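Visitor: I would like a close look at one part of this protein. Could you pick a pair of residues facing each other across two strands, and build the picture outward from there?

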Amino acid sequence: TDPEFLRWHRLAASFTPGPPHQGIVQRVFRHLGAPSERPDPLLFRNGYLSETPELRPAGPEIDLATPAARPHLAFGWSFPEPDWGTWSTGTTAAVDVVLAPGRAYTLELTLAPFERPGHTQQITVEHHGRVVLPTTPLAPGFQTVTFELDAAHVDAGVHRLVLRWNYAVSPRDLDQSDDVRPLAAVVRALRIESSPRDVDRP
């Protein structure tokens with residue numbers, strides 16, 4: 001892959017999602033030689049850094065080390081890196097999944113925090129405004145965190161999981177490399193397990 005393209009691709013992916021960055025993202029893609037009116041859908045949708053393809057029901061695992069994960073990465077992500085995962089850039093990121101209604105789900109994230117000396121990374125997960133994983137400290141290295149979605153809160157359609165981190169910092173700011181992306185954690189996979197459950201059952 002062209003190193004120059006990757007450098008600008010990472011720069012575009014580092015912006016906080018939102019319409020204020022529309023002009024910046026378009027200038028980045030003009031630099032890459034892409035038509036500014038049709039920027040890469042991985043990075044830009046309706047003024048937001050996002051993915052555009054229609055989502056399909058999630059399988060048992062979403063592998064964030066492959067391009068197949070891109071439709072699920074709503075915002076706050078860099079690009080998938082083979083055999084590694086996708087970095088969350090910034091203190092908030094979101095994953096979109098399609099779930100069958102009337103079922104309870106157990107979800108498991110495999111991830112590793114970006115290590116910042118003197119700090120402990122923490123993660124909180126929200127599902128449609130409800131906290132489903134209270135603030136949890138992360139140890140160095142890859143690990144798993146697990147949380148559940150109750151059947152009463154799972155209807156038909158797209159479900160957004162919002163991941164919140166207590167810090168994001170670039171390797172350049174730590175004098176580790178020239179990487180300017182504000183890194184929070186790298187996520188390798190999201191595993192989804194379901195079990196039928198009557199939504200009226202306590």
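Guide: Let's start with E126, which stands opposite V131 in β7. Strands, like helices, are DSSP runs numbered from the N terminus (E, at least two residues, for a strand; H or I, at least four, for a helix). Before going on, a word about what you are looking at: this is a predicted model, in which local features need pLDDT of at least 70 and side-chain atom pairs count only at pLDDT 80 or more, while totals for chains, interfaces and linings use all residues. Residues are numbered from 1 along each chain as its sequence is written, and side-chain values use heavy atoms, with hydrogens and water left out.

Back to our strands. β6 and β7 run antiparallel and are joined by five bridges; two strands count as paired if DSSP finds at least two bridges between them. Together β6 and β7 make a hairpin with two residues between them, and in that turn H128 has a positive phi of about 50°.

Now look at β9, another partner of β6. Five bridges join β6 to β9, again with the strands antiparallel, and T124 has R164 in β9 as its bridge partner. From β9 you can step on to β4: these two pair in the antiparallel sense over eight bridges, with D96 matched to R160 in β9.

Put these pairings together and you have an open sheet of five strands, in the order β2-β4-β9-β6-β7, with antiparallel pairing. β2 and β7 stand at the edges with a single partner strand each, so one side of each has no neighbour in the sheet. On average, neighbouring strands of this sheet are turned by 25° against each other, direction ignored; for such angles, axes are lines fitted to C-alpha atoms (for helices over the stretch in contact), and angles run from 0 to 180 degrees between N-to-C directions.

Next, follow the side chains. V125 is a good guide: leaving aside neighbours within four places in sequence, V125 is in contact (heavy atoms within 4.5 Å) with L109, R130, V131, V132, L133, F147, L161, V162 and L163. V125 also belongs to the largest nonpolar core, which has 30 residues; L109, I123, V125 and L190 have the most contacts inside it. Such a core is a set of buried Ala, Val, Leu, Ile, Met, Phe, Trp, Tyr and Cys residues joined through side-chain atoms within 4.5 Å, where buried means under 20% relative accessible area, exposed over 50%, and partly exposed in between (1.4 Å probe, protein chains only). The elements giving two or more residues to this core are β4 (92-99), β5 (103-113), β6 (122-127), β7 (130-137), β8 (143-149), β9 (157-165) and β10 (183-196). β10 gives the most, with five residues. Apart from this core lies another, of seven residues, including A112, F114, V169 and L183. In soluble globular proteins, nonpolar side chains tend to be buried together.

F114 leads us to the aromatic rings. Rings of Phe, Tyr and Trp (its six-membered ring) pair if their centres lie within 6.5 Å; planes under 30 degrees apart count as stacked, over 60 as edge-to-face and the rest as tilted. There are three such aromatic pairs. In one of them, W84 and F142 have ring centres 5.2 Å apart and planes at 85°, so the pair is edge-to-face. This pair links distant parts of the chain, 58 residues apart: W84 is in the loop between β2 (73-75) and β3 (86-89), and F142 in the loop between β7 and β8. W84 is partly exposed, at 34% relative accessibility, and F142 is partly exposed too, at 31%. W87 and F114 form an edge-to-face pair as well, 5.9 Å centre to centre with 80° between the planes. Both W87 and F114 are buried. Ring pairs link W84, W87, F114 and F142 into a cluster.

One more thing to find on F142: R188 lies over its face, at 3.7 Å from the ring centre. A charge sits over a ring if NZ of Lys or CZ of Arg is within 6 Å of the ring centre and within 35 degrees of the ring normal.
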